[in-house]
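This report describes the fold of one chain and the surroundings of its ligand. The sequence and the structure come first.

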Amino acid sequence: MRKLVYYVAGTLDGFIAAPDGSYDFFPLVPEPDVLAHTMATYPQTLPTFAHAQFGIDRPEGRFDTVVMGRGTYEPGLAMGVTSPYAHLQQYVFSRTLPPAAEPEVEIVADDPVAFVRALKARDGKDIWLAGGGQLAGQLLPEIDELILKLNPIVAGSGVPLVTRDFDPRRFTLVEARPFDSGLLILRYTRSEGGQDSDD
Ligand SMILES: NC(=O)c1ccc[n+]([C@@H]2O[C@H](COP(=O)([O-])OP(=O)(O)OC[C@H]3O[C@@H](n4cnc5c(N)ncnc54)[C@H](OP(=O)(O)O)[C@@H]3O)[C@@H](O)[C@H]2O)c1
C-alpha cells in the first residue's frame with residue numbers, strides 16, 4: 001500500500017516555521033552537500049519553479065502526490081505560484097479557498113484522515129505530506145514515514161511539527177545522515193504497536 005511520508009524541515013525544538021509563518025531562518029537554498037542529497041533522493045520535493053535553477057528536467061522518485069494545508073500552500077500563492085509542485089498531483093486542504101484553476105491542484109474540504117486513507121487504497125506511488133503542523137497533527141495516525149531535516153537551530157517558538165493534543169506516537173529510526181553544515185536528516189518509520197488500538 002502507498003505510504004504517507006511527512007518530509008519536513010524542523011528545528012531542534014520541534015518547529016517548522018516562525019510564529020508568523022516565515023521560514024527564512026532555514027537555508028533558502030540548501031548547502032551544496034544537502035542539495036546534492038535532495039536531488040539524488042527526493043528531487044520531487046523541490047518546487048517546480050526551481051527545477052531549471054537546479055538543472056532538473058523531470059524529477060523522478062517515490063512520490064506522485066503531495067498533500068498540504070492551506071498554510072503551506074499560501075506563501076507560494078502570495079508570490080503567484082498556484083501550482084508549486086506541478087510535477088505531482090496536489091491536494092490542498094482548505095475550507096476557505098476557491099477551487100484551483102490548474103487540473104493538478106485540488107482543494108479539499110473533506111476529513112484529511114478519510115481522504116488520505118482513500119488515496120492510500122488507490123494504486124500509485126507514495127504520498128508526500130508537505131505540512132504544515134495543523135494538517136500533520138490530524139494526519140499523525142496515518143504517517144507511515146517521517147523524514148525530518150533537523151536543523152541546528154533552536155527557535156524558541158513557532159509553528160510546531162504537529163499541532164495535536166497530547167498523544168505520544170512511537171517511530172523507529174531507520175536512517176540518520178549528518179551533513180557538514182550541521183543538518184541531520186533523520187528517517188523514521190511508524191512503529192508497529194505504537195498506535196492507538198482504534199487506528
Ligand atoms: N519547514 C518546512 O519544511 C515546512 C513545511 C511545510 C510548511 N511549513 C510552514 O508551516 C506553516 C503552515 O503550517 P500550519 O500548521 O500553520 O498550517 P497548515 O497545516 O499548512 O494549514 C492549515 C490550514 O489547512 C486547512 N485545514 C486544516 N484542517 C483541515 C480540515 N480538516 N479540512 C479542511 N481543511 C483543513 C485550513 O485551511 P482553511 O482555513 O482555508 O480552512 C487550515 O487553516 C507555514 O508557515 C509554512 O511555511 C514549513
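In this predicted model, helix H2 lies across the strands E3, E4 (89-93) and E6, and runs at about 95° to E3. E3 and E6 are parallel and are joined by 5 bridges. One residue pair in this pairing is Val67 with Leu129, the latter being the bridge partner in E6.

Both strands belong to an open sheet of 8 strands with mixed pairing, in the order E5-E4-E3-E6-E1-E7-E10-E9. Its edges are E5 (105-108) and E9 (171-178), each of which pairs on one side only. On average, neighbouring strands of the sheet are turned by 20° against each other, with direction ignored.

The chain as a whole contains 4 helices and 10 strands. Along the sequence their pattern is β-β-α-β-α-β-β-α-β-α-β-β-β-β. The chain is as compact as a globular protein of its length, because its radius of gyration of 16 Å is close to the 16 Å that the globule rule gives for 199 residues. Along the principal axes, the C-alpha atoms fill a box of roughly 45 × 40 × 35 Å. Buried residues account for 29% of the 199 residues. Of the contacts with a separation of 6 or more, 69% are between residues 24 or more positions apart.

Next, the ligand. Which residues come nearest to the ligand? Of the 29 residues around the ligand, these are Gly21, Gly69, Gly71, Gly131 and Gly132. The elements that give two or more residues to this shell are listed below.

| Element | Residues |
|---|---|
| Strand E1 | 4-10 |
| Strand E2 | 15-17 |
| Strand E3 | 63-69 |
| Helix H2 | 70-78 |
| Strand E6 | 126-131 |
| Helix H4 | 133-139 |

The parallel pair E3 and E6 is thus represented in the shell, as is helix H2, which lies across both strands. By class, the shell has 14 nonpolar, 12 polar and 3 charged residues.

Two of the glycines that come nearest to the ligand, Gly131 and Gly132, are joined by a cis peptide bond with omega at about -5°. Gly131 falls within the range of E6 (126-131), whereas Gly132 lies in the loop between E6 and H4. The cis bond between Gly131 and Gly132 therefore sits where E6 ends and the loop to H4 follows.

How values were computed
Residues are numbered from 1 along each chain as its sequence is written. This is a predicted model: local features need pLDDT of at least 70, side-chain atom pairs count only at pLDDT 80 or more; totals for chains, interfaces and linings use all residues. A residue is near a molecule or strand if its C-beta atom, placed from the backbone, lies within 6 Å of it. Ala, Val, Leu, Ile, Met, Phe, Trp, Tyr, Cys and Pro count as nonpolar, Asp, Glu, Lys and Arg as charged, and the others, Gly among them, as polar. The radius of gyration is taken over C-alpha atoms; the globule rule is 2.2 Å times the number of residues to the power 0.38. A residue is buried if 20 or more other C-beta atoms lie within 10 Å of its own, exposed if 12 or fewer, and partly exposed in between; C-beta atoms are placed from the backbone. Two residues are in contact if their C-beta atoms, placed from the backbone, lie within 7 Å. Two strands pair if DSSP finds at least two bridges between them. Axes are lines fitted to C-alpha atoms, for helices over the stretch in contact, and angles run from 0 to 180 degrees between N-to-C directions.
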